[in-house]
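Biologist: Please take a close look at the loops for me. From there, carry on to the helix packing and the ligand site.

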Amino acid sequence: MRILLALIGGLSLMTSMATGEYPSPAELPSHPALPDPLVMFDGSRVATAEEWSEKRRPELKALFEQYVYGRYPQVAGSSQPPAVQSKVLFEDPQAFGGAGTLKEVELTLGPPEWPKIYLLIATPNNKTPAACFVGMNFGGNHLLVDDERVHVPETWMPDRYTGVVDNRATDASRGVEEYTWPLAEIVARGYAAATFHCGDIQPDRPHVREGMRATLPEDADDAAETATIMWWAWGIQRAIDYLATDPAIDPARIAAVGHSRLGKTALLAGAFDERIALTVANQAGCGGSGPSRHHEPKAETVEIITRNFPHWFCANFRKFADDPTRLPVDQNCLVALCAPRAVLFTAAEDDRWANPSGQFAVLRAASPAYELLGVDGLKADAMPAADAPLLGDGRLGFWFRAGEHSMTPKDWKVYLDFADRQWK
Ligand code: GCU
């Protein structure tokens, strides 16, 4: 029935592997420890870089699709993503006191009725092509810069977001959240930044089939349907399709970044897309940088997150709520999928919900994949003290700071320092 619906909808529901081949969650054995990324689902060990890229990487992707995030979207029955069309809405070459260029580009992803991405891009004028941080924002591009040319989202938004009235953004709040994406400082450091509102791809509300999700046929029994975080990660990839064609940007130095739920998304994008050379998951916690198994007493659990945010993950993930030790993957395997590319996790002392020590354990347990590929992973055995960034000499970094759950200029300074180290 599912296949039939898919064909009718003009969409292919096939993914990298036949995900339906894996057992149902209830049939899986319990493994209390974080899974070894180098051990295949059938128990055999991966010994070479070739086996890693040809066997284990595809298997891990398929396991995450099947049990956590839902299938990777393959639209229009094609294994290729849709060709992204772009239209520059405005371009200001004298932004940031003349230091940079600010523009907004409308990306069309498919037929005209499909959602569009409004990508706000800041590039330094004295450094071309520049390394670029790309990621989604929570409340709209207009919150990040006080400029009336910037698009105000029209999609549904939670009322608690800044300037939102009756679930719609208003232009009363232009520029009020500049600190979350400090574009002027990023440009001054010689980097570009590109961001769009997550609701462009899919508004963040459960139980409503809207955004890209509405392009899939409905099947209530489909326990591995593409979930919101997977769609968002797919959206970041479509933004990169465009960025890779922009002469102001260096396609070999693209970093995905996001905070919290959008950090979970950045990490998934980094795991699935090898064009992303560096990933920053800012305080991403459960379902992102935090392990499903190992958690601090106050950390969010699979049970809580799948109850409160059922749309972020596929229905199968909820089936591990009682016993996450049955999951054949954990988040260290998502980091391992990024290997040998760089990943930075950040955590905050007063954000136990996002599981700081669990995040550190995830990085450590991803390191074997890096070592197999001939580079260092995390070069530390113990959690650093607060405010002492662990940027190391390896490809994995950890930034544990004092304070609360947020993404601030102080965090951005560490992302840029980490990128400097990785790329210089
Ligand atoms: C909630 C949720 C977290 C998430 C956070 C956010 O706190 O429980 O998992 O990371 O929202 O996205 O801000």
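Modeller: Helices here are DSSP runs of H or I with at least four residues, strands are runs of E with at least two, and numbering starts at the N terminus. The model is predicted.

Start with the loop between strand E3 (116-124) and strand E4 (130-137), which holds Pro129. A cis peptide bond links Thr128 to Pro129, with omega about -5°. Next along is the loop between E4 and helix H3 (183-188), home to Asp166. Asp166 is not a glycine, but its phi is positive, near 50°. Further on, Pro340 sits in the loop between helix H8 (331-338) and strand E8 (342-348). Ala339 and Pro340 are joined by a cis peptide bond, with omega about 5°. For context, most peptide bonds are trans, and most residues other than glycine have a negative phi.

Now the helices. The axes of H4 (residues 228-243) and H5 (residues 261-272) come within 8 Å and cross at roughly 65°. Their crossing is right-handed. H4 contributes Ile229, Met230, Trp232, Ala233 and Ile236 to the contact, and H5 residues include Arg261, Lys264 and Phe272. By class, the contact residues are 10 nonpolar, 1 polar and 2 charged.

Arg261 and Lys264 also belong to the ligand surroundings, along with Ser260, Glu300, Ile305, Phe309, Trp312, Trp353 and His405. Polar side-chain atoms approach ligand oxygens: one of Ser260 at 2.6 Å, one of Lys264 at 2.8 Å and one of Glu300 at 2.5 Å. On its own the ligand has 320 Å² of accessible area, and the protein covers 82% of that.

Note on methods:
Residues numbered from 1 in each chain as written. Predicted model: local features only at pLDDT ≥ 70, side-chain atom pairs only at ≥ 80, totals over all residues. Heavy atoms only, no water. Axes fitted to C-alpha atoms, helices over the stretch in contact; angles between N-to-C directions. Left-handed = near helix turned anticlockwise from the far one by under 90°. Contact = heavy atoms within 4.5 Å. Nonpolar A, V, L, I, M, F, W, Y, C, P; charged D, E, K, R; others polar. Near = heavy atom within 4 Å. Polar contact = N/O pair within 3.5 Å; in protein donor to acceptor, adjacent residues only side chain to side chain. Areas by Shrake-Rupley, 256 points an atom, 1.4 Å probe, with all protein chains shown as cover.
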